[in-house]
Amino acid sequence: MSLHQEIDYGTPAPKSGKPVTLTIDGFKVEVTEGTSIMRAAMEAGIKVPKLCATDQLASFGSCRLCLVEIKGRAGTPASCTTPVAEGLEVSTQSARLKNLRRNVMELYISDHPLDCLTCAANGDCELQDMAGAVGLREVRYGYEGANHLDAVKDESNPYFTFDPAKCIVCSRCVRACDEVQGTFALTIDGRGFASAVSPGQSEPFLESECVSCGACVQACPTATLTEKSVIEIGQPEHSVVTTCAYCGVGCNFKAEMRGNEVVRMVPYKDGKANHGHSCVKGRFAWGYTTHRDRILKPMLRERISDPWREVSWEEAIARVASEFKRIQATYGRASVGGITSSRCTNEETYLMQKLVRAGFGNNNVDTCARVCHSPTGYGLNTAFGTSAGTQDFDSVEEADVIMVIGANPTDAHPVFASHMKRRLREGAKLIVIDPRKIDLVRSPHIEAAFHLPLRPGTNVAIINALAHVIVTEGLIAEDFVRERCDWESFQSWARFIASPENSPETVAAMAGVPPETIRAAARLYATGGNGAIYYGLGVTEHSQGTTMVMGMANLAMATGNLGRRGVGVNPLRGQNNVQGSCDMGSFPHELTGYRHISNAGVRASFEADWGVPLDSEPGLRIPNMFDAAVDGTFKGLFVQGEDIVQSDPDTQHVTRGLSSMECVVVQDLFLNETADFAHVFLPGSTFLEKDGTFTNAERRINRVRKVMPPRAGLADWEVTLKVAAAMGLEMHYAHPSEIMDEVARLTPSFAGVSYEKLDALGSVQWPCNDQAPEGTPLMHVDRFVRGKGNFMVTEYVPTDERTGPRFPLLLTTGRILSQYNVGAQTRRTENVVWHREDVLEIHPHDAEQRGVRDGDWVKLESRAGATSLRATLSERVAPGVVYTTFHHPDTQANVITTDFSDWATNCPEYKVTAVQVAPSNGPTEAQDRYRAHSRESRRIAAPAK
Ligand code: SF4
Ligand code: SF4
Ligand code: SF4
Ligand code: FES
């Protein structure tokens, strides 16, 4: 294996244009109009020396190293800023050019430390390469005069250093932060010789606006910006292309390695979801994989109050099988089940549901997607016939109006947010529908046309009001609706939506949004050109989550915003493989590809392949498993890669359910909260330790490639095979590719997927089959998958969770950039420097009424429970609304969430809880108990480790 080198063509490729022919160094070259001479030369294999140019950034023309001669033109133009033209005759080499380039390099080197041998970038430095390329042999100017060699290093960022002594002021970092990331955190301060790169107002990186995406580090051609891991470990010697295991964007990375040690994760330019960009999590926060808290040996105990005992894999697996068999013999076949994880690969998830359906003989399998995006599957399937987003990410480049609903992309889907921000800076209009003033509402060079700060729980009222304006003001795309949609369903929806109860004027007071803002936003979406909707958990995690998904689908159909680039209805999936875990048949009522278990034909194909009869009745959903456990009929649970105690609603009910079971098996990287209730702990493997695939929010199936052996000896898929065998179900796969072959054999939308194809194409978006052998970037192009688009009547039914005198405020929850979900991984990395604890955002007006000051401890109480955390005063939330994150277990945020859930899918209503906030002295008794319990768990685990 070698270090995977990507060619840098110097300037970006033009999007389209006529072919142009020119001659470079005597060779005829044909390129697209708008290509730079530098890129044309590079495409022809002729390397032009360069320092300030890179194909990730628009050309800048500052270093003067890339000079060329053009026949008939005076001077020596910079090839990076000069576009090709028909018939040009270009020379990249001549005595004059050599001389000029050498002079330029001489000036650079005369103000650069000559410590190449001990420099961390030795061997990976473009300045060094260029000195070689131009044949620099001597530097005539000494080091005596003014220079920057004593400039002080900034080591404040936990992941990279900034050594201004090595800076050549090429501006690549500044441009990367502006153009690629869109944060505008860097500037060039001063002029001429005094000019220098500066984060913010000459602040250390850590205190500046920098969000640690790493784009500047990636762009820097010298050792000025360098990953600390490279400084510590040295230059990598091989690399493997794989996929980030954090969020649903699904960025591809080159894992650059020395032996089995990761030196750095470099965003992969050919990654179709990220195009060479990254965020702080995927780029830097992989240290958890080697964290000392990893449990690397299987463990057993008789009772959950006993200490853990380390055992062999054989003993642990035998115990799982014997316990599950005993429980089924005593309490019946349906008394056990399993939970799959959206963090695991498709192949692992597929095997888990197969273990339950074919090995346990029931359909008691569910997934953590239940608590996030299950309404997406149900709602979009009902409207369009597919349980997935309609577009690829690149589609946003043609959107004219972008509507972001209940999502906070800059924190939760940062790389896509950067992509979207680029389009917004080009002039697309933005509508944000969110109770909170998220960063997108106003950030450098971006300002939302409309922000609808609705009261939590009124999503459906607002989407109906937007549709009301469109229907009653005659803004319907009638041709589209008549041709593509079910006309009858449209008519009954239009009648319903036009009624006065859905008008902005009726809805305004209840939703907290002025009617004129609703009207103006609706007009903009319907008439502003291509309208694209992007949404997140602020849509789904409601008692009307599914209704809201249908409401957005109605709006898109009514305005003809489907079936082409720049439009669509797009869920931004939370975890890396939420889409995949749903595709792989993790829900109790569905086999792979969303086919109902009661469908005899589909079931028969699985029965024939697996060689076992399958139950035709849907099994238990996660909340029903806990109900049944409390009732005494559900006794054994295998939880793979999911911390249900921390992430599921109504913690007390979850823990009561788990405590009632006789065998709880937890497979995870760390001893998580759920493991406190487990009898068997099986070590999990990280994404770096196994092969497989993840499917991102745009249905893109990306390869995950093993870069190191599983630290506990087995990858998760191998463990499932062994458990199945011990249960009497033989499954034979030599490699995860064979699992995917089986998925393809049994699932029409995956029929054309294979590892061979993924390796050849990089990735594919399902459906991938004979009709679409290379996958499907855009869905529903000529017709909806279900035939005609289906309008659903979306009556607004207020949630039962109401504010009142006891609980007058509404709590809503969200995420922060540096942390991920329940924080199990990111809390075990340096990312904690940005977020050491969860805090409660409260409007200054509400705080003042309660005597709460910034930084005070407050008690947050709902009718379900209470917790304490620190308050931060913020006008991001409206009066009456408070907000927190749930990344730290001792916040116990889910102690206060209620058991209300979506009517169709049971997705919990995390986004609306009526609460009261009052000053407090510190953690609640329950938190103290929890902390004591955690200490005790760690003590119990300690001897085993
Ligand atoms: S790490 Fe990212 S956000 Fe920070 S300065 Fe560099 S490019 Fe800008
Ligand atoms: S820090 Fe690196 S990329 Fe930025 S101006 Fe200096 S040399 Fe160029
Ligand atoms: S945007 Fe998501 S997938 Fe990409 S690097 Fe960040 S966490 Fe990973
Ligand atoms: S690479 Fe063209 S001017 Fe720097």
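**Group meeting talk: strands, cores and ligand shells**

Let me start with strand S9, where both faces are covered: His238, Val240 and Thr242 are buried on one side, and Ser239, Val241 and Thr243 are buried on the other. Before I go on, please keep in mind that this is a predicted model.

So, how many of the residues of S9 are buried? Six of the six are, so S9 is largely enclosed by the rest of the structure. Now for its partners. S9 belongs to an open sheet of three strands, ordered S9-S10-S11, and the pairing there is antiparallel. S9, residues 238-243, and S11, residues 261-267, are the edge strands, each of them pairing on one side only. On average, neighbouring strands in this sheet are turned by 30° against each other, if we ignore direction.

If you follow S9 along to S10, which covers residues 252-258, you will find six bridges in the antiparallel sense. Two pairs to look for on your screens: Thr242 has Phe253 of S10 as its bridge partner, and Thr243 has Asn252 of S10.

Let's move on to a bigger sheet. Here seven strands form an open sheet with mixed pairing, and the order is S13-S12-S27-S26-S25-S14-S15. Which strands stand at the edges? They are S13 (309-310) and S15 (365-367); each has a single partner strand, so one side of each is left without a neighbour in the sheet. At the S13 end, S12, residues 299-300, pairs with S13 in the antiparallel sense over two bridges. You can spot Leu300 standing opposite Arg309 of S13. There is also a helix on this sheet: H25, residues 716-726, packs on it and touches S25 (636-640), S26 (663-668) and S27 (680-683). The direction of H25 makes about 160° with that of S25.

One more group of strands, further along the chain. S33 (residues 857-861) and S34 pair in the antiparallel sense over five bridges, and the two form a hairpin with four residues between them. Within that pair, Val858 has Leu869 of S34 as its bridge partner. S34, residues 866-873, also pairs with S32, residues 839-842, but in the parallel sense and over four bridges. There, Ile842 stands opposite Leu873 of S34.

Now the cores. The largest nonpolar core has 68 residues, and Leu225, Ile402, Met420 and Leu430 have the most contacts inside it. Helix H12, residues 414-425, gives the most to this core, with four residues. What does Ile402 touch beyond its neighbours within four places in sequence? Its contacts are Val396, Met420, Arg423, Leu424, Ala428, Lys429, Leu430, Ile431, Ala532 and Tyr534. A second, separate core has 60 residues, including Trp313, Tyr594, Ile701 and Phe750.

I also wanted to show you helix H10, residues 374-384. H10 is mostly covered, with eight of its eleven residues buried. Those are Ser374, Pro375, Thr376, Gly377, Gly379, Leu380, Ala383 and Phe384. And what do the buried residues of H10 pack against? Two strands and two helices: S21 (531-535), S22 (569-571), H18 (537-540) and H19 (545-558). Right after H10 comes Gly385, with a positive phi near 100°.

Last stop, the ligands. Around ligand 1 you will see Phe160, Cys177, Gln181, Leu186, Phe205, Cys210, Val211, Ser212, Cys213, Gly214, Ala215 and Cys216. H4 (172-181) and H5 (215-219) each supply at least two residues of that shell. How many charged residues are in the shell around ligand 1? There are no charged ones; the shell divides into nine nonpolar and three polar residues.

Ligand 2 has 13 residues around it, and those that come nearest are Cys167, Cys170, Ser171, Cys173 and Cys220. By class, this shell has nine nonpolar, three polar and one charged residues.

That's my tour, and I'm happy to rotate any of these views for you. Thanks, everyone!

Technical notes. Residues are numbered from 1 along each chain as its sequence is written. Chains are lettered from A and ligands numbered from 1 in the order in which they are written. This is a predicted model: local features need pLDDT of at least 70, side-chain atom pairs count only at pLDDT 80 or more; totals for chains, interfaces and linings use all residues. Side-chain values use heavy atoms; hydrogens and water are left out. A nonpolar core is a set of buried Ala, Val, Leu, Ile, Met, Phe, Trp, Tyr and Cys residues joined through side-chain atoms within 4.5 Å. Buried means under 20% relative accessible area, exposed over 50%, partly exposed in between (1.4 Å probe, protein chains only). Contact means heavy atoms within 4.5 Å. Two strands pair if DSSP finds at least two bridges between them. Axes are lines fitted to C-alpha atoms, for helices over the stretch in contact, and angles run from 0 to 180 degrees between N-to-C directions. A residue is near a molecule or strand if one of its heavy atoms lies within 4 Å of it. Ala, Val, Leu, Ile, Met, Phe, Trp, Tyr, Cys and Pro count as nonpolar, Asp, Glu, Lys and Arg as charged, and the others, Gly among them, as polar.
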